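Visitor: I'd like a close look at one part of this protein. Could you take me through the aromatic side chains and what surrounds them?

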Amino acid sequence: MRSCLKLCVIALSMAVSLMVTYVTWETVISGYARYRSNSNPATQRIRNIENYRNTDYPPLPDYSSDSECPPYPLSNLPRPPIVVSAKDVSTRPIESVNSAIVFLVEFIDRPLKENHREMLKFSKALWHLWENFSQDYPHYPVYIFHEPAFTVKYRQRYSKMWPPGLKIQFHQVNLKLPSTFPKGVSLEDLGLNPTNRRAFPGYNNMIRFFWKNIFDHPMIQPLDYFWRLDHDSVLQSPVGVDVFHYMKKRGIRYGYRTATTDARHVTNGMLAFFDKYRRDPAHQSMINGTSCASMSQRNCLEIPDTTQDRSEYYPLMYYNNFEIVHVPTWRSEPMRHLTDMVDRTDMIYWNRWGDAPLRYYSINMMLDTRKQVMEWCHIRYFHHKQFEPLCTLEQIP
């Protein structure tokens, strides 16, 4: 009798488990089927971007030989050491480098418990920043951008948990949907993919802020560089060098910690956009007399030729929760033109194009990545996963 009862319980548990799995699977599949429907507005926008023929443009210049290509960013092979001088590691303030470290805190209109969980992560990030960089270079301010929900009361409360030596400045931003995005229509009816809907529009607003709007902020405009870190970015080893002085002295326009790939379903149409943009002879890179097409080829930037091949390709991205950006470059006319062209598509909202792959493809069309981009590969770093150092610092007299 007991054996029969036990078997019945096991069978019932298995049936319930199978039913839950089936319902979950059907929900996911139906959500993605709706998003992939040819008739919804989001899909139509993607198809419009993909609707071009590269044969309508001049052919791309010949590729450089493999030996002339920059190192492949996804390689885990050891890198050459980063060579620094005594001035690069000096802790004395250098007036000519006007720079700041920036965060956008995740304190929004939601239950306080959820905000508190994220603020504890932020406190950890600030202490690791202090221990591994700012205590050696305390003259660089920390700009904390925040939305209205992070009121004076909460700012004062959490500030008591942070390193007292940090030069913290608070700056409120009002992040909102662009006026061109439809209002009053359900996200499902618009055809937004399930990943996009999950944190819409807050996550999209954050993307747009770091892709475009931050460069118009009055505190950012006069800077030489800003170092963007996420609220849960953790520096796990000493930086050991004034990163801003090092980059300015060598004319480096962009620094990152690591590169990876993005998901295909949140980058639909992106590769087509950049391929079309670079093929237009009117679009010039940041290097005088060099077109975007020539620069992308010099950097060995790979973008598949056909819609089918692009749909099967994982776009690359700088993992820009750690990025050091040369502000004048991004405020220049050529880069602003590209930035604005992306923004006008509204694909940050329609498909959740991320600022990380957008940054990667724009940089590889606009800058000489061998001379103007660097990987801060000596830093042990954590953001959702562990990144071990791939190089060392080597100081010369």
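Guide: Here is a walk from one ring pair out to the cores, the sheet and a few unusual backbone spots. Keep in mind that this is a predicted model.

Let's start with the rings. The structure has 37 aromatic pairs. Take F273 and Y277: their ring centres are 6.1 Å apart and their planes meet at 25°, so this pair counts as stacked. The cut-off for stacking is under 30 degrees between planes. Both residues sit in helix α10, which covers residues 270-279, and being 4 residues apart puts about one helical turn between them. Neither side chain is left out in the open: F273 is buried at 10% relative accessible area, and Y277 is buried too, at 5%.

That pair belongs to a wider network. Ring pairs tie F273 and Y277 into a cluster with F215, F226, Y254, Y256, F274, Y318, W330, W353, Y360 and Y361.

Some of those names come back when you look at the nonpolar packing. As a general point, nonpolar side chains in soluble globular proteins tend to be buried together. Here the largest nonpolar core has 59 residues, and the members that touch the most others are F145, I214, I220, F226, F274, W353 and Y361. Y361 is a good one to click on: setting aside neighbours within four places in sequence, Y361 is in contact with L271, F274, L301, E302, I303, Y313, P315 and L316. Another core lies apart from the largest one; it has 47 residues, including V97, Y140, V142 and W376.

Two arginines also deal with rings. R228 lies over the face of F210, 3.8 Å from the ring centre, while R250 does the equivalent over Y246, at 3.7 Å from the ring centre.

R228 takes us to the sheet, as strand β5 spans residues 225-229. The sheet is open, with 7 strands in the order β4-β3-β2-β5-β10-β7-β11 and mixed pairing. Its edges are β4 (168-172) and β11 (373-375), each of which pairs on one side only. From one strand to the next the twist averages 20°. Strand β5 runs antiparallel to β10 (residues 322-326), and 5 bridges join the two. Within that pairing, W227 stands opposite I324.

Now for the helices on the sheet. Helix α4 (residues 112-134) lies across β2, β3 and β5, and runs at about 160° to β2. Helix α8 (residues 202-211) also lies across β2, β3 and β5, at about 170° to β2. F210, the ring under R228, falls within the residue range of α8.

Just ahead of α8 there's a backbone oddity worth a zoom. Most peptide bonds are trans, and most residues other than glycine have a negative phi. The bond joining F200 and P201, though, is cis, with omega about -5°. P201 sits in the loop between α7 (194-198) and α8.

Positive phi turns up as well. D346, which is not a glycine, has a phi of about 60°, and its place is the loop between α14 (333-345) and α15 (347-350). D346 is buried, with 5% relative accessible area. H384 also has a positive phi, near 70°, in the loop between β12 (381-382) and β13 (386-387). In contrast to D346, H384 counts as exposed, at 59% relative accessibility.

Definitions and conventions: Residues are numbered from 1 along each chain as its sequence is written. This is a predicted model: local features need pLDDT of at least 70, side-chain atom pairs count only at pLDDT 80 or more; totals for chains, interfaces and linings use all residues. Side-chain values use heavy atoms; hydrogens and water are left out. Rings of Phe, Tyr and Trp (its six-membered ring) pair if their centres lie within 6.5 Å; planes under 30 degrees apart count as stacked, over 60 as edge-to-face and the rest as tilted. Buried means under 20% relative accessible area, exposed over 50%, partly exposed in between (1.4 Å probe, protein chains only). A charge sits over a ring if NZ of Lys or CZ of Arg is within 6 Å of the ring centre and within 35 degrees of the ring normal. Two strands pair if DSSP finds at least two bridges between them. Axes are lines fitted to C-alpha atoms, for helices over the stretch in contact, and angles run from 0 to 180 degrees between N-to-C directions. Contact means heavy atoms within 4.5 Å. A nonpolar core is a set of buried Ala, Val, Leu, Ile, Met, Phe, Trp, Tyr and Cys residues joined through side-chain atoms within 4.5 Å.
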